[in-house]
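Visitor: I am new to this structure. Please take one part and show it to me closely, then tell me how the rest is laid out around it.

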Amino acid sequence: MIASAPGKIILFGEHSVVYGRHALVSAINLRCRVEARKSGDFRIISPLGVTGMDFEVHPYVSFAIKRFSELKKINGVELVIRSDIPIASGLGSSAAVTVATLKALSEEFEFTLSDEEIFELAKKVELDVQGRASGIDPFISTFGGAWIFPEREKVELPFDFFVFRLWERSTKLMVEKVAKLRQRHSEVLEKIFDAIDAIALKAPKCGSEDFEELIHINQSLLRAIGVSSPEIDELISRLEKEGFRVKLTGAGGGGCVFGIYRGKKPEEATIVKSEKEGVRIEDS
Ligand code: MEV
């Protein structure tokens with residue numbers, strides 16, 4: 001059985017969403033596909049390598065199998081993973097592989113899980129691996145569309161976006177970095193999170209010019225909470241000199257920056273579109 005789930009772009013609200021604030025997020029038209037076949041043992045085949053259950057090389061997939069097995073005992077499965085979503089880039093590859101794995105397992109082993117159940121399980125997997133998370137990534141991979149999270153207020157985004165890839169980084173480490181800074185300066189960080197919250201709530205009502213201003217402001221606030229870097233700031237300055245407004249998306253520290261696509265994009269960037277459909281079964 002083959003299942004697929006989309007990646008995502010957090011437009012506003014990464015990190016502050018971990019502390020109960022709102023975020024504006026959209027699924028994107030890049031998907032991860034997972035094929036599950038019953039087997040006598042466990043085998044995971046992906047661009048990262050071929051392993052058994054392996055919590056180092058394939059942490060999200062291995063925990064997804066473990067969590068699924070707690071509901072329905074299985075003796076083995078072969079999973080083949082193919083993804084359009086670049087790994088460790090802030091575009092939701094981990095959640096997409098988790099959600100698609102859970103859906104493929106549920107269909108292959110005829111143990112039907114609703115989308116809500118897949119979301120709940122995927123959230124547990126994310127916490128198993130990262131220790132701290134808002135659940136926004138598994139939410140958007142499961143349900144697709146564009147939303148104010150965690151309220152589940154659906155929004156229409158009239159824009160396409162360009163994403164500019166930086167380098168790989170670990171969400172877990174970036175989330176820990178913000179948590180440590182918050183421990184030392186909670187009264188300051190809480191105010192910054194409130195400001196990001198206001199941006200996330202305002203953005204869906206904005207036209208492209210105001211939206212770009214909010215991109216600029218939110219990037220400054222991400223810098224303030226320590227998830228940018230001199231290299232990223234330099235790149236952003238270069239793109240701003242070329243007339244673009246960009247911000248980090250996802251955990252930061254690398255990953256991707258994005259901006260609104262208005263017929264022009266940085267040469268190296270790729271265009272992504274909002275995706276309506278969440279997790280689904282694919283024809284074999
Ligand atoms: C990661 O895509 C988004 C973060 O806000 C973490 C989370 O919400 O779980 C950095």
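Guide: We start with a pair of packed helices, then go on to the cores, the whole chain and a few single residues. Keep in mind that this is a predicted model.

Look for helix 5, residues 171–184, and helix 6, residues 186–202. Their axes lie 5 Å apart. The two helices pack at an angle of about 120°. Angles of 65 to 115 degrees count as roughly perpendicular, and those over 145 as roughly antiparallel. Helix 5 is therefore oblique to helix 6.

Which residues meet here? From helix 5 come Val178, Leu181, Arg182, Gln183 and Arg184. From helix 6 come Ser186, Leu189, Glu190 and Phe193. The contact between helix 5 and helix 6 is mixed in class: four residues are nonpolar, two are polar and three are charged.

Now turn to the nonpolar cores. The largest one has 83 residues. Six of them touch the most other members: Leu11, Phe12, Leu24, Phe161, Phe211 and Val257. Helix 2, residues 93–108, gives the most to this core, with seven residues. Apart from this core lies another, of 11 residues. Among its members are Ile10, Val17, Ala23 and Trp147.

Stay with valine 257 for a moment. Set aside its neighbours within four places in sequence. What is left in contact with valine 257? One stretch of partners is Phe162, Val163, Phe164 and Leu166. Further partners are Leu235, Ile236 and Leu239. Val246, Lys247 and Leu248 complete the list.

Step back to the whole chain. The protein chain holds eight helices and 12 strands. Its C-alpha atoms fill a box of roughly 55 × 45 × 35 Å, taken along the principal axes. The radius of gyration is 19 Å, which agrees with the value near 19 Å for a compact globule of 284 residues. Buried residues make up 56% of those 284 residues. Now take the contacts between residues at least 6 apart in sequence. Of these, 75% join residues at least 24 apart.

Serine 141 is a good single residue to visit. It sits in helix 4, residues 136–143. Its relative accessible area is 1%, so serine 141 is buried. Leave out the neighbours within four places in sequence, and serine 141 is in contact with Ala5, Pro6, Gly92, Ala95, Ala96, Val99, Gly278 and Val279.

Next come some backbone details. The peptide bond from phenylalanine 149 to proline 150 is cis, with omega near 5°. Proline 150 is found in the loop between strand 6 (146–149) and strand 7 (153–154). Arginine 152 is also placed in the loop between strand 6 and strand 7. Arginine 152 is not a glycine, yet its phi is positive, at about 65°. Its relative accessibility is 34%, so arginine 152 counts as partly exposed.

Histidine 15 has a positive phi too, near 70°, and is a residue other than glycine. Find histidine 15 in the loop between strand 1 (2–12) and strand 2 (23–38). Is histidine 15 buried or exposed? With a relative accessible area of 4%, histidine 15 is buried.

Methods:
Residues numbered from 1 in each chain as written. Predicted model: local features only at pLDDT ≥ 70, side-chain atom pairs only at ≥ 80, totals over all residues. Heavy atoms only, no water. Axes fitted to C-alpha atoms, helices over the stretch in contact; angles between N-to-C directions. Helix = DSSP H or I, 4+ residues; strand = E, 2+ residues; numbered from the N terminus. Parallel < 35°, antiparallel > 145°, perpendicular 65-115°, else oblique. Contact = heavy atoms within 4.5 Å. Nonpolar A, V, L, I, M, F, W, Y, C, P; charged D, E, K, R; others polar. Core = buried A, V, L, I, M, F, W, Y, C linked by side-chain atoms within 4.5 Å. Buried < 20%, exposed > 50% of the residue type's maximum accessible area, 1.4 Å probe, protein only. Rg over C-alpha atoms; globule rule 2.2 N^0.38 Å.
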